[in-house]
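Grab a coffee and work through a few exercises on a ligand site, a cavity and a pair of domains. Try each task before reading its solution.

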Amino acid sequence: MRDPLPPTNDPDWVLDAPGFDVFREHGIESRFAIGNGFLGVRASRTVGRGPTWTTWQHSLIWASWPRTYVAGLFDTPNTEPPVPALVPVADWLRVVIQLDGQTLLLRRGETQSHERKLDMKRGLLWVNWKQRTPAGIVVQVRTLRLVSQAERALGLLFLSLELDHDGVEVMLEASFESAGVGMRAMRVEEELGVWHTSESGKGLAMAGSAVLTLEDYVRTPSAVGPLRREWRWRSVAGQAASLERLLAAARTDTPEEDPAPLATAMLRRAKAVGGGAVLAAHTAAWATRWQLSDVAIEGDKELDRGLRFAIYHLNSAANPEDPRVSIGARGLTGDAYLGHVFWDTDIYLLPFYIATWPEAARSLLMYRYHTLAGARAKARRGGWRGALFAWESADTGEETTPDQVIGPFGLPVDVLSGKQEQHIASDVAYAVWQYWRATGDVAFLLEAGAEILLETARFWASRAKLEADGRRHIRGVIGPDEYHEGVDDNAYTNILARWNIARALELVGMLRLRWPTRWHELGAQLGLDAPELALWAEVVATLVTGQDSATGLIEQFAGFHQLAPIDLSQPEYASRKMPMDVVLGHDATQRTQVVKQADVVALLALVPEEFDATTRQLNYSHYERLCSHGSSLSRSMHALVGARVGAAELALRYLKETAALDLSPNAADSAGGVHIAALGGLWQAVVFGFCGLSLGGDKLALAPALPADWQSATLRVCWHGRRVKLRITGGGRDVEATLEAGEAMSLVVHGVERMLQPA
Ligand code: BGC
């Protein structure tokens, strides 16, 4: 198994990180992370690093932040405030090498070359490292790793080691580094470790094997211990030693379940077929993913690459097989946001999955369905009815937003979004509806989707209060623009709440007509009666929207237009290094029209049909000027809407800035993980923006307008069980559509309907 698979040389599919720079290292480890929606592994090097433990860091910096995550493995650590976080699991990739008793470390001796390559096409990470030790021995270590897209429990590492000297005493140890794992070890055996979380009742099993081959002979370990094997031999110059490590992991969610049998059975199967077969199944599964989801842009290499990177991470983040987990704000690529799930998933990520991987989309929505009990409890606590999903959600659906965090000046800052950022209720409903419209998945709608739509509508109907002016108001919220807290009648919140209730009423009509038995059951189960439905209709008719009917301008929230205007192009703001709320301070920010991120603009993106073209244009240009893009989510929405309203140049700039977020050389912010919502937003800005695709209508439709430099854009979408390939040329005028799977269907291009027949 000397070189099981050489790195591909296709630059379109490979990200390269030559050299080693500790200040960029944490970002690279996130960016080059591998994942399959169950396991996520940062791209920390396997060999040549010293130990890591959890400690106060003071003024030093960890040279590496090795992390393997298991989706859904949450526990509440000893933080203040105590909120659940993803528990990092034992590092199954660690290999220690000693040469004549000296540990091989990157910091010791001279690094002759160090390179990491991420093959986005096959979901593989290579590291090739050549080091001259202080003793003058030149060592070459090459590794290849994956977590399987075909069998999510599995991970695989190939390592090859070559020395230029004869007679060096080599010791190679493959172990699981588990310092800093905040779990109780229940069993640690030669090939199996089982841990339990302290609070949440979860179990984790990691079964691992390691085989060393020298000169085509499998070598017996010189020592074995718990999750540890060690080999010793004398080197022959130019002779390669090869290590193959397999991992099988399993998570259980209750104390009664034992994850060990699952992991050991999986490991046994993987050992029986061998690493080569695991690798082959994995690359075949990735080929399928790309076949369904690739988007190619001719005419802008950099953007094309940025988009591939986005699609790579989106495909790495989801797990269609586990409806109990979702995707956190940084996927499984870093610690930031503790693995918590935000509206990012429903609004920024779901569209990608709906269009390219409906099974994953369904699973993500089933996760929300399974958290309905928590959402109901949260609504009840606030004195309302129905379901209000957690702003930050972990495994149970309980609200997990910390009440306070440490702010930029080292002092605690109140976080109100867990209480006030209630638009999450309609964000989830929105995702459910989009999925239903694009797939026609009746089973999902009847089993889960309907209940989410009805319960969120019910929440809004109880939340909006009738006031003396004869209108209903929603007071005391935070909109997507988190800079302004406790505001009244945030347009995004109110208009989506109205939309949510209107869709629920539409659904009731549909259920009555098409699935009356289910309607009777559900209506009875939820206690929905005619007076309540009449109230919903009244709320739709009377809810304040914030739109001025004379000018068409939408007021972001009541009183927003009266706040102090801001000119973000002023040099002192334009050259800022800090977010605007830090520049101005919390209180001044509240009194100013500065917007953190797409708010009204996000509304225009989600429900364009609620506004006419002039209104969309007017509000886009009004709010675009006020937006400081204090969140990585913001620019992609501005790109999407900009493309739709004909602000192509601006849109393209935002698109490029979004693509650079995790890819620019100084993307230091990626240290805590990739910005997966921005990556989903990038896909949307291209597909829904420039390619003008819409999935939500009765027919699949597109009205592309490509930037001048793009010769073509090619994409694939799933729609009602079909698979369609679309190639757009001529600046958007010409669309070549191929129905790759499924029955004949119509497609509307620039308003003209045509029939697609199976290819
Ligand atoms: C943004 C939110 C987002 C969260 C997680 C915040 O900074 O303002 O909109 O949901 O980050 O990505």
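Three exercises with worked solutions follow.

A quick note first: this is a predicted model, where local features need pLDDT of at least 70, side-chain atom pairs count only at pLDDT 80 or more, and totals for chains, interfaces and linings use all residues. Residues are numbered from 1 along each chain as its sequence is written, and side-chain values use heavy atoms, with hydrogens and water left out.

**Exercise 1. List the residues around the ligand and find side chains that make polar contacts with it.**

Step 1: Collect the shell, taking residues with a heavy atom within 4 Å of the ligand. You should get Ala329, Tyr337, Phe342, Trp343, Asp344, Trp391, Glu482, Lys596, Gln597, Ser631 and Leu633.

Step 2: Sort them by class. Ala, Val, Leu, Ile, Met, Phe, Trp, Tyr, Cys and Pro count as nonpolar, Asp, Glu, Lys and Arg as charged, and the others, Gly among them, as polar. That splits the shell into six nonpolar, two polar and three charged residues.

Step 3: Look for polar contacts (N or O pairs within 3.5 Å). Ligand oxygen atoms sit 2.6 Å from a side-chain N or O atom of Asp344, 2.8 Å from a polar side-chain atom of Glu482 and 2.5 Å from one of Gln597.

Step 4: Check burial using Shrake-Rupley areas with a 1.4 Å probe. The protein covers 90% of the 310 Å² that the ligand exposes when taken alone.

**Exercise 2. Where does the second largest cavity lie?**

Step 1: Search on a 1 Å grid over the protein atoms alone for points where a 1.4 Å probe fits but cannot get out. Nine cavities of 30 Å³ or more turn up, and the second largest has a volume of about 130 Å³, the space filled by probe spheres set on the points.

Step 2: Pull the lining, meaning residues with an atom within 4 Å of a point. There are 17, and Ala71, Ser326, Ile327, Gly328 and Gly339 are closest to the centre.

Step 3: Place it. Domain 1 (14-286) and domain 2 (294-690) both contribute lining residues, so the cavity lies between them.

**Exercise 3. How many residues of each domain are in contact with the other?**

Step 1: Take the bounds from an automatic or database domain assignment. The C-alpha centres of the two domains are 37 Å apart.

Step 2: Count contacts (heavy atoms within 4.5 Å). In domain 1, 36 residues touch 40 residues of domain 2.

Methods. A polar contact is a pair of N or O atoms within 3.5 Å; within protein, one must be able to donate a hydrogen and the other to accept it, and residues adjacent in sequence count only if both atoms are side-chain atoms. On a 1 Å grid over the protein atoms alone, a cavity is a set of points where a 1.4 Å probe fits but cannot get out, and a pocket is an open set with protein on both sides within 12 Å along at least five of seven lines; lining residues have an atom within 4 Å of a point.
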